[in-house]
Amino acid sequence: MLMRMNYSPFLRIWVSFLFALVQHRVQPRELMYPFWQNDTKTPKVDDGSSPEIKLAIPVFFFGVPYRTVYVNNNGVVSFNVLVSQFTPESFPLTDGRAFIAPFWADVHNGIRGEIYYRETMDPAILKRATKDIRKYFKDMAAFSATWVFIVTWEEVTFYGGSSTTPVITHVNTFQAVLVSDGSYTFTLFNYYEINWTTGTASGGDPLTGLGGVMAQAGFNGGNLSNFFSLPGSRTPDIVNIQETTNVNVPGRWAFKVDGKEIDPANGCTSRGKPVPVSMATQSE
Ligand SMILES: [Ca+2]
């Protein structure tokens, strides 16, 4: 008679690994705005943030001009107050925090990954941003970017993740690009590769970084009426956000964010195909 052996932990690891291998997709690197090793980095600590960053120009967000931002490790660029919260709440938040969240989830860059940021007036970057905004917003043909702020989360893993497991199962690379001409503000979200949605302190699986309270992407205006959530936020679909777009470029979303309402470019599309705008939840 054969000895009864418990293969389930071993099998579970391999099944999740093979599943990730099959699922793994990255977008072309050109999706990302350039970032470099000499950009400023945030501290490599769980739930950390940059210092308060003074901006060269005021940036309008939901009608309010802001002079400073914080870059927060957990996937958030915030105004006036840093955000260390690791489990994402659904928008709108009740406590007055105003922020831009390309992918709000429990990053742990102390284990793996870097978070870079850079304010720039580099002519090549301004030219690229101007071209993108004019292309995505047909009524902005005269827009000329004078200021760009690039925040990049490169190969970051989740709280409870590992520094040694294969990259493809455990890291996310994404970017928020803020673009302004001094009065209008736009935000591009670039999702290069998204493989996990949840840290273990938010109920996520320690092997896959999935399940539990999953990532939220969007904008919180700091009051109860101004907010916008990207489709799939806080659902299992958010892990596929790199396949979705509202500008016909898989992995990229574009928004005008200075006004009282968030204005998504071209309505919304999913996997490059138009879908009803109602898929995106927007404030009334
Ligand atoms: Ca964290």
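Let's start with the sheet. Seven strands make up an open sheet, ordered β1-β6-β7-β8-β9-β12-β13. The pairing is antiparallel. At the edges stand β1, residues 40–41, and β13, residues 263–264. Each has a single partner strand, so one side of each has no neighbour in the sheet.

Keep in mind that this is a predicted model. Mean pLDDT for the chain is 88. Of its residues, 83% reach 70 or more. One stretch to flag: residues 269–284, where pLDDT is below 50. Beyond near neighbours in sequence, that stretch still has 34 contacts in the model. Where pLDDT is low, the predicted coordinates should not be read in detail.

Back to the strands. Take β6, residues 114–120, and β7, residues 147–156. They run antiparallel, and seven bridges join them. To place yourselves on that pair, find E119: it stands opposite F149 in β7.

Now the helix. What lies across β6, β7, β8, β9 and β12? Helix α2, residues 123–136. Its direction is about 90 degrees to β7. For orientation, β8 covers 172–180, β9 covers 185–193 and β12 covers 252–256.

Last, the core. The largest nonpolar core has 72 residues. Which of them have the most contacts inside it? V148 and A217. Strand β7 gives the most to this core, with seven residues.

A217 deserves a look on screen. Leaving aside residues up to four places away in sequence, A217 touches A101, P102, F103 and W104, then F189. The list goes on with L230, S233, I238 and I241.

That's the tour. Questions, please.

Note on methods
Residues are numbered from 1 along each chain as its sequence is written. This is a predicted model: local features need pLDDT of at least 70, side-chain atom pairs count only at pLDDT 80 or more; totals for chains, interfaces and linings use all residues. pLDDT is the predictor's confidence in each residue, from 0 to 100. Two residues are in contact if their C-beta atoms, placed from the backbone, lie within 7 Å. Two strands pair if DSSP finds at least two bridges between them. Helices (H or I, at least four residues) and strands (E, at least two) are DSSP runs, numbered from the N terminus. Axes are lines fitted to C-alpha atoms, for helices over the stretch in contact, and angles run from 0 to 180 degrees between N-to-C directions. A nonpolar core is a set of buried Ala, Val, Leu, Ile, Met, Phe, Trp, Tyr and Cys residues joined through C-beta atoms within 7 Å. A residue is buried if 20 or more other C-beta atoms lie within 10 Å of its own, exposed if 12 or fewer, and partly exposed in between; C-beta atoms are placed from the backbone.
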